[in-house]
Amino acid sequence: MNKFKNIIIIVIFIILILILSILLLYLKQNNGNNIGISYGDPGETIEITNEYEDVNSMTNFKSVEQCIQKYYNMLNNKASQFYERNDNDEYVKISDIKIKKMRLNLLSEEYINKNNITSDNIHKYLKTMDEQSTVIALKMKKIVNIPVEKYVVHAITVNFDNEILDEFYIFVNLDIDNQTFSIEPILEKYDSIEEIETSNSNKSIEINDNNKYSEDVYDYEKMAKNYFLTYKRLALSKPEILYNYMETEYKNKRFGGVEVFKSYVIENREEIEKLKFTEYLVNNKEDILQFVCKDQYDNLYIFDEITPMQFHLKLDTYTLITDKFEQTYKKSDDIKKVQLNIDKIIKMINAYDYINIYNYLSDGFKENYFRTESEFEEYIKSSFFRYNKVSYKDVSKRGTNIYVATIEVSDLTEESSEIKELSIIIQLNDEFDFEMSFSM
């Protein structure tokens, strides 16, 4: 009897094991498709299209730029990666065959097959050079797909002397899973990204010795520094590109034309080369992310970002009246208004904005002392420091809406210990307008 019971128990145990195994197999089959890399947030729908979309992450933008930089490094015939140590511990250049293979490793398989590119004819599709260049991506769009994203980029390259070497369009493919990239040069001439048509084959990019990329996360500080550096590079290499980042009202009022801005850059090139990033502020506004950068001379550079590297640039807070200035000015008494206007003039002097200072001079003062802007510019350069800091000794009323301010001007750079005392006459007009003259 006991033997019979033991047999029944064993059978039941085997049946339970079989049922459990079948259940586990069923669960694995039904959940297998959900195991792997997740794209997007839970519940988020990612629409796969062949339409261009904005790049909304500076981290992504700079990753793509990094890939183009690696590609252009590879186009430099004198790149350090083409040299290795020999048995005598001397650096010697590797063979042309190896160099061609390294360059082929960066081109997409689709581009190679489409153009029948080999080591023998690769030079027809690449523009090599004999110097190091820095890539500045100006604008890019992407075609959303998973796991390979395709980007079309408008960019320039500059050399060590900030001379433009190339302006071009290019395709960059990023394989998100493998952290690899491939390049497709665009040899045709276009005027904008929107003219360029393409599609995303979404074929994974196999890893080789040269096509890995990494993401460098950009926080607000890195973004601010990037914009400041972009200002310097574009100002020194091609200021007309920088000019086009300014909104029409601002650039017309501040400079009046692109040739004036180019002359401004040429005259102050040495100063621009010396500029250093010192502080930044980020303002989250309704439609933009505003980066306010400051240099060592307290000059401001304002970047109103719409999407990464698509921004409106302002080089001051005085050309167009800001809401903050308007509120402060309207609440101030006349003495404070005089000081605010003189502060504005000092900012203009520090920004070499002599034209707009000249426009604030009273007609009589111009007629008597400075009939041309160039004469007035010479006076400012001889009476003030290159960069100035002001303190107020006295502000007194001398007539209807007319005030005389006695100020002390010191060298902001502290290269000089001299203190200059000057008297400025301010006549307050309607709203924010005023006229000024100097006590001669």
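This is a short tour of a predicted model, with a selection to make at each stop.

**The whole chain**

Start with everything shown as a cartoon. The protein has 440 residues, and 44% of them are buried. Colouring by secondary structure should bring up 14 helices and 15 strands. Among contacts with a separation of 6 or more, 58% are between residues 24 or more positions apart. If you switch on a surface, the accessible area comes to about 25,100 Å², and carbon and sulfur atoms account for 48% of that.

**The largest pocket**

Next, select Leu-300, Thr-317, Tyr-318, Thr-322 and Lys-347. Of the 40 residues lining the largest pocket, these lie nearest its centre. The volume of this pocket is about 1,200 Å³.

Now bring in the elements around the pocket. Helix H11 (334–350) is a good one to pick, as H11 gives the most to the lining, with six residues. Other elements that each supply at least two lining residues include helix H7 (248–254), helix H10 (323–331), strand S8 (277–284), strand S9 (289–295) and strand S12 (388–399). Try colouring the lining by residue class: you should find 17 nonpolar, nine polar and 14 charged residues.

**The cavity**

How many cavities of 30 Å³ or more does the structure hold? There is one, with a volume of about 140 Å³. To find this cavity, select Tyr-231, Tyr-264, Asn-299, Tyr-301 and Tyr-352, which are the closest to its centre among the 16 lining residues.

Two elements give two or more residues to the cavity lining: helix H9 (269–274) and strand S10 (300–307). Strand S10 also supplies at least two residues to the lining of the largest pocket, so keep S10 highlighted as you go back and forth between the two sites. By class, the cavity lining divides into eleven nonpolar, two polar and three charged residues.

**Asp-166**

For the last stop, move to strand S6 (residues 164–175) and select Asp-166. Is Asp-166 buried or exposed? Its relative accessibility is 11%, and because the cut-off for buried is under 20%, Asp-166 counts as buried.

Show the side chains here and look for Tyr-72: a polar contact of 2.8 Å joins the side chain of Tyr-72 to that of Asp-166. Then display the other partners. Beyond its neighbours within four places in sequence, Asp-166 is in contact with Lys-127, Ala-155, Ile-156 and Thr-157, as well as with Tyr-72.

Conventions:
Residues numbered from 1 in each chain as written. Predicted model: local features only at pLDDT ≥ 70, side-chain atom pairs only at ≥ 80, totals over all residues. Heavy atoms only, no water. 1 Å grid on protein atoms, 1.4 Å probe; cavity = no way out; pocket = protein on both sides within 12 Å on 5 of 7 lines; lining within 4 Å. Points joined across faces, edges and corners; volume = space filled by probe spheres on them. Helix = DSSP H or I, 4+ residues; strand = E, 2+ residues; numbered from the N terminus. Nonpolar A, V, L, I, M, F, W, Y, C, P; charged D, E, K, R; others polar. Buried < 20%, exposed > 50% of the residue type's maximum accessible area, 1.4 Å probe, protein only. Polar contact = N/O pair within 3.5 Å; in protein donor to acceptor, adjacent residues only side chain to side chain. Contact = heavy atoms within 4.5 Å. Areas by Shrake-Rupley, 256 points an atom, 1.4 Å probe, with all protein chains shown as cover.
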